[in-house]
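The following exercises concern helix packing, burial and backbone geometry in one protein chain. Each task is followed by a solution in steps.

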Amino acid sequence: MSGTPEGPVHTQLSAAREHAPPVTERDHDHPVDEEHHAVDRCATELRDYRAAFRAAQLAMAVVDQDGLVVSANDALGILFGTEAGALREQAAADLVDLASDGRTWHAYREVLRGRRSRFRCTRRLKHPDGRSLWAEVTVSPVPDSRRVLLAIADISDRRELQARLRHLQMHDPVTRLPNRTLFFERLSAALETAAQDDETPESGSYESYGHGGTGRIGLCYLDLDGFKAVNDTLGHRVGDRLLAAVAARLTECADSDGYTRSGGHLVARLGGDEFAILVEESTGTEQLADLAQSVLCALQQPFDLAGQRLSVSASIGVVERGARGTTATGLMQAADTTLYWAKADGKARWTLFDPERNAHRMTRQALSSTLRPAVERGEFALEYQPLVGMADGAVRGVEALVRWNHPQFGTLAPNRFVGIAEEDGSIVELGRWVLRTACRQARQWQQDHPHRRPLFVSVNVAVRQVWDSDLVADVAGILAETGLPPHLLQLELTESAVMGSAGRPLQALQALSDMGVQIAIDDFGTGYSNLAYLSRLPVSVLKLDGSFVRGFQDEAHANPADELIVEALVQLAHRLGLTVTAECVETSGQATRLRRIGCDTGQGWLYSRAVTPDRIAELLGAHRCPSEATGADLPLRADGMEPPPAGGTSGRGRWSSGVRLRTTEGVPD
């Protein structure tokens with residue numbers, strides 16, 4: 001039927017006719033009326049839609065395929081300070097700045113071409129009254145049309161609320177400084193930016209960076225010294241005021257240090273009494289050192305808070321390096337390590353990160369992680385250094401010295417790992433292994449040479465072995481297991497450990513002495529030297545520290561005071577029924593003077609350095625060590641080693657200062 005309207009209404013009416021019952025004369029005019037009613041309804045709906053479009057509070061515009069505004073509602077006109085009709089034929093992208101970046105522009109064009117169903121972005125627009133507002137722009141296709149609908153919602157209130165919430169989330173409520181979360185966010189961004197600028201000139205000069213960044217970054221990581229005492233004595237309220245005052249001084253120091261391309265330095269509170277100053281685009285370690293020094297000086301001034309005058313100090317770890325290859329985690333680890341160094345070095349100071357010192361720490365950590373399994377894997381070995389009678393040169397005993405045959409670092413002397421073993425508690429297991437191995441070896445020598453006077457074996461004992469294990473039970477069990485007589489075992493503890501003994505350690509020493517085990521005080525003369533303890537402790541041997549013996553080396557210009565001190569100590573020990581062993585005997589002149597003074601035994605490179613068990617077995621076939629007068633080579637010197645010259649390194653290594661091992665027998669560290 002020609003002249004009939006096309007579209008959805010015509011289609012619906014045609015379908016209705018096909019399924020309707022036959023038309024009678026009475027019903028002949030009814031289909032025409034229904035068509036008119038349908039058309040009227042569509043027109044009414046269209047008018048309603050247009051009215052709703054114009055009256056809507058949401059700013060909207062219909063945009064054609066070319067991106068031009070076909071129609072706009074009044075809300076959009078108000079948003080841009082003009083009549084809605086004036087927006088027709090304008091480019092929608094220019095109205096809301098959609099062409100400002102390539103990604104947004106591409107997404108917008110894809111919606112116009114019908115290749116994308118929806119697009120949304122956020123834009124900051126300028127209001128006619130001069131204020132800025134945040135708008136959420138949505139572009140979506142109009143159904144059954146080739147046009148799109150542009151909708152703009154004012155989200156300024158939402159953005160402001162989000163900004164306030166973010167500020168609360170990213171700032172410390174006590175000091176108003178950025179917190180740890182914001183600090184790491186800024187640090188990561190700074191590293192990324194600085195790495196892009198890292199085209200550093202040769203020789204470390206920064207003069208060419210007038211138009212760009214230095215490609216470097218710096219960090220001062222500080223901790224207040226003794227802040228806990230303020231909280232404990234004056235309360236957390238005063239402590240919080242002190243933190244706020246410290247934050248103000250740190251901010252002042254950071255501001256006075258100058259500004260970079262990215263603005264001022266970031267001062268943040270990382271938690272507790274820890275603060276950080278982030279220096280973006282730093283110019284070298286000198287800048288960070290000056291900043292750290294200014295912080296120390298600022299914090300040294302007293303704080304007047306609520307009628308209280310408080311003084312605090314800070315320890316500061318300083319790190320400055322190129323940004324390329326640096327991560328936020330790595331930088332903070334370095335800063336934390338350096339802060340620890342500053343506290344260990346005495347507090348109230350700044351310390352600069354030292355790669356070599358850090359490498360030593362990393363090695364120490366690697367040793368710590370493998371120390372316990374090393375005992376089970378059998379990576380440790382013992383060497384023995386003879387203890388020689390000063391009067392006749394006969395070997396009376398040996399001291400057991402431990403070595404670690406590390407698969408990665410080679411042979412390690414005790415000073416490289418015993419301190420670690422004390423810290424993590426593995427010294428107990430290691431010490432038990434040393435004691436068992438030494439006693440078993442001493443018993444083996446006794447059985448292999450039944451006609452020789454048996455050698456006693458001296459084993460160093462850590463104080464932690466006394467506290468963390470039942471030392472008496474361990475010794476008794478090992479002696480029973482190996483068959484070594486108790487009098488052939490000597491246990492060495494340092495003077496600093498023994499002199500303060502009370503309670504459990506003293507009871508353990510007394511029980512061991514009652515068992516028949518000999519107790520020796522190692523490094524005597526370097527610790528407390530409280531002579532009153534000697535009459536009460538179950539001690540049988542004093543081992544004079546090598547520092548006394550070294551005073552005898554210069555025979556041409558001998559110091560009479562050294563000889564008088566040693567002579568007095570020897571006489572005191574003999575009056576108390578104790579024997580005396582001199583450590584670090586290196587020359588025949590030293591041996592002669594010590595023998596004249598009355599020392600009972602000597603130990604050092606003059607006689608032998610620490611050797612393997614089979615070398616001690618060879619020695620047992622001889623009557624004495626090499627003659628001090630002739631230096632003749634007996635079996636002990638089968639390696640051809642000569643005694644070291646005067647002033648050389650003494651041949652002794654030991655555990656000292658309560659679980660601290662050290663070696664001086666020339667074994668490489």
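**Exercise 1. Packing around helix α14**

Task: Determine in which hand α14 passes α16, and describe the geometry and the residues of this contact.

Solution.
Step 1. α14 passes α16 in a right-handed crossing; a crossing is right-handed if the near helix is turned clockwise from the far one by less than a right angle, and left-handed if anticlockwise.
Step 2. The contact (heavy atoms within 4.5 Å) involves Arg 432, Leu 435, Arg 436, Cys 439, Arg 440 and Arg 443 on α14, and Asp 474, Val 475, Ile 478, Leu 479, Glu 481 and Thr 482 on α16.
Step 3. The axes of α14 and helix α16 (residues 471-482) come within 9 Å and cross at roughly 30°. Axes are lines fitted to C-alpha atoms, for helices over the stretch in contact, and angles run from 0 to 180 degrees between N-to-C directions.
Step 4. α14 and α16 are therefore roughly parallel to each other, a class for angles under 35 degrees, where over 145 is roughly antiparallel, 65 to 115 roughly perpendicular and the rest oblique.

The model is predicted: local features need pLDDT of at least 70 and side-chain atom pairs count only at pLDDT 80 or more, while totals for chains, interfaces and linings use all residues. Residues are numbered from 1 along each chain as its sequence is written, and side-chain values use heavy atoms, with hydrogens and water left out.

**Exercise 2. A second partner of α14**

Task: Establish how the axes of helix α12 and helix α14 cross, and which residues make the contact.

Solution.
Step 1. Helix α12 (residues 355-377) and helix α14 (residues 427-448) have axes that come within 10 Å and cross at roughly 25°.
Step 2. α12 and α14 are therefore roughly parallel to each other.
Step 3. Their crossing is left-handed. From α12, Arg 372, Val 375 and Glu 376 make the contact, and from α14, Glu 429, Leu 430 and Trp 433.

**Exercise 3. The pair α9 and α10**

Task: Give the packing angle, the axis distance and the handedness for α9 and α10.

Solution.
Step 1. Two packed helices are described by the angle between their axes and the distance between the axes.
Step 2. For helix α9 (residues 236-256) and helix α10 (residues 285-300), the angle is about 145° and the axes are 10 Å apart.
Step 3. α9 and α10 form a right-handed crossing. Val 246, Arg 249, Leu 250, Cys 253 and Ala 254 of α9 make the contact with Leu 291, Ser 294, Val 295, Ala 298 and Leu 299 of α10.

**Exercise 4. The two sides of helix α20**

Task: Identify the buried residues of α20, and state what covers them.

Solution.
Step 1. Helix α20 (residues 560-575) has 16 residues and reaches 22 Å from its first C-alpha to its last, close to the 22 Å expected at 1.5 Å a residue; the expected span is 1.5 Å times one less than the number of residues.
Step 2. Asp 562, Glu 563, Val 566, Leu 569, Val 570 and Ala 573 are the buried residues of α20 (buried means under 20% relative accessible area, exposed over 50%, partly exposed in between, with a 1.4 Å probe and protein chains only).
Step 3. They cover an arc of only 130° around the axis, which puts them on the same side of α20. The arc is that of the directions from the helix axis to the C-beta atoms.
Step 4. Pro 560, Leu 564 and Arg 575 are exposed, on the face of α20 turned away from its buried side.
Step 5. The cover over the buried residues of α20 includes β18 (518-524), β19 (541-544), α19 (546-550), β20 (579-582) and α21 (588-597).
Step 6. Just after α20, Gly 577 takes a positive phi of about 80°.

**Exercise 5. Positive phi outside glycine**

Task: Locate Asp 97 and Ala 348, and state how far each is exposed.

Solution.
Step 1. Most residues other than glycine have a negative phi.
Step 2. Asp 97 has a positive phi near 55°. Asp 97 lies in the loop between α4 (92-95) and α5 (102-112), and is partly exposed, with a relative accessible area of 40%.
Step 3. Ala 348, which is not a glycine, has a positive phi of about 50°. Ala 348 lies in the loop between α11 (328-344) and β12 (350-352), and is partly exposed at a relative accessible area of 42%.

**Exercise 6. The whole chain**

Task: State how many helices and strands the protein chain has, and what share of its residues is buried.

Solution.
Step 1. The protein chain has 22 helices and 23 strands; helices (H or I, at least four residues) and strands (E, at least two) are DSSP runs, numbered from the N terminus.
Step 2. Of its 669 residues, 45% count as buried.
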